[in-house]
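Subject: Structure handover

Hello,

Here is the structure I promised you. Please open it alongside this email. My notes follow below.

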Amino acid sequence: MLGYRKILVAVECSQSTPAILAKAAEFLTSDPSTELAIVHVVLDLIIADWSGGPGQIPPPLDQEELANIAANYLRPQIKAAG
């Protein structure tokens with residue numbers, strides 16, 4: 001490989017996640033001293049189909065719950081990728 005020492009991998013909860021993680025794992029296989037950081041960002045979502053009245057705002061989303069859902073989805077995929 002090219003001698004990368006630190007790699008940041010951004011993932012989302014999508015069908016491409018396993019392929020992204022597998023590619024990242026290749027760097028670790030070629031050089032175990034490589035540091036790999038995986039980041040997943042939980043964004044504030046706009047509820048496009050919210051049917052509230054004019055002037056009303058949608059209820060707040062629980063960011064911690066969204067983060068936990070994403071972690072539960074990503075954790076086994078990270079483990080499977082090695």
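Where in helix 2 does a kink lie? The kink is at Leu74, shortly before the proline Pro76, and comes to about 25°. Bear in mind that this is a predicted model.

**Overall layout**

The protein has two helices and two strands. From the N terminus, the order is β-α-β-α. Of the 82 residues, 17% are buried. The exposed surface is about 6300 Å², and carbon and sulfur atoms supply 60% of that area. I also looked at contacts between residues at least 6 apart in sequence. Of these, 64% join residues at least 24 apart.

**Helix 1**

Helix 1 covers residues 17–30. Its length checks out. With 14 residues at 1.5 Å each, the expected span is 20 Å, and the end C-alpha atoms are 21 Å apart, so the two agree. Five names make up its buried set: Thr17, Leu21, Ala24, Ala25 and Phe27. They cover an arc of only 145° around the axis, and therefore sit on the same side of helix 1. Ala19 and Thr29 are exposed on the other side.

What do the buried residues of helix 1 pack against? Their partners are strand 1 (6–10), strand 2 (35–39) and helix 2.

**Helix 2**

Helix 2 runs over residues 63–81. Its 19 residues should span 27 Å at 1.5 Å a residue. The end C-alpha atoms lie 26 Å apart, which agrees. The kink noted above falls within this helix, at Leu74. Leu74 is also one of its buried residues, together with Ala70 and Gln77. Helix 1 is part of what covers them. After helix 2 comes Gly82, with a positive phi near 85°.

**Ala81**

One residue deserves its own note. Ala81 belongs to helix 2. Is Ala81 buried or partly exposed? Its relative accessible area is 24%, and buried means under 20%, so Ala81 counts as partly exposed.

Which residues does Ala81 touch, leaving aside those up to four places away in sequence? They are Leu21, Ala22 and Ala25. Two of these, Leu21 and Ala25, are among the buried residues of helix 1. Ala81 and Ala22 are 59 residues apart along the chain, yet their C-alpha atoms are separated by 5.1 Å.

Best wishes

Definitions and conventions. Residues numbered from 1 in each chain as written. Predicted model: local features only at pLDDT ≥ 70, side-chain atom pairs only at ≥ 80, totals over all residues. Heavy atoms only, no water. Helix = DSSP H or I, 4+ residues; strand = E, 2+ residues; numbered from the N terminus. Expected span 1.5 Å × (residues − 1). Bend = angle between axes of the 7 residues up to and from the residue. Buried < 20%, exposed > 50% of the residue type's maximum accessible area, 1.4 Å probe, protein only. Contact = heavy atoms within 4.5 Å. Areas by Shrake-Rupley, 256 points an atom, 1.4 Å probe, with all protein chains shown as cover. Arc of directions from axis to C-beta.
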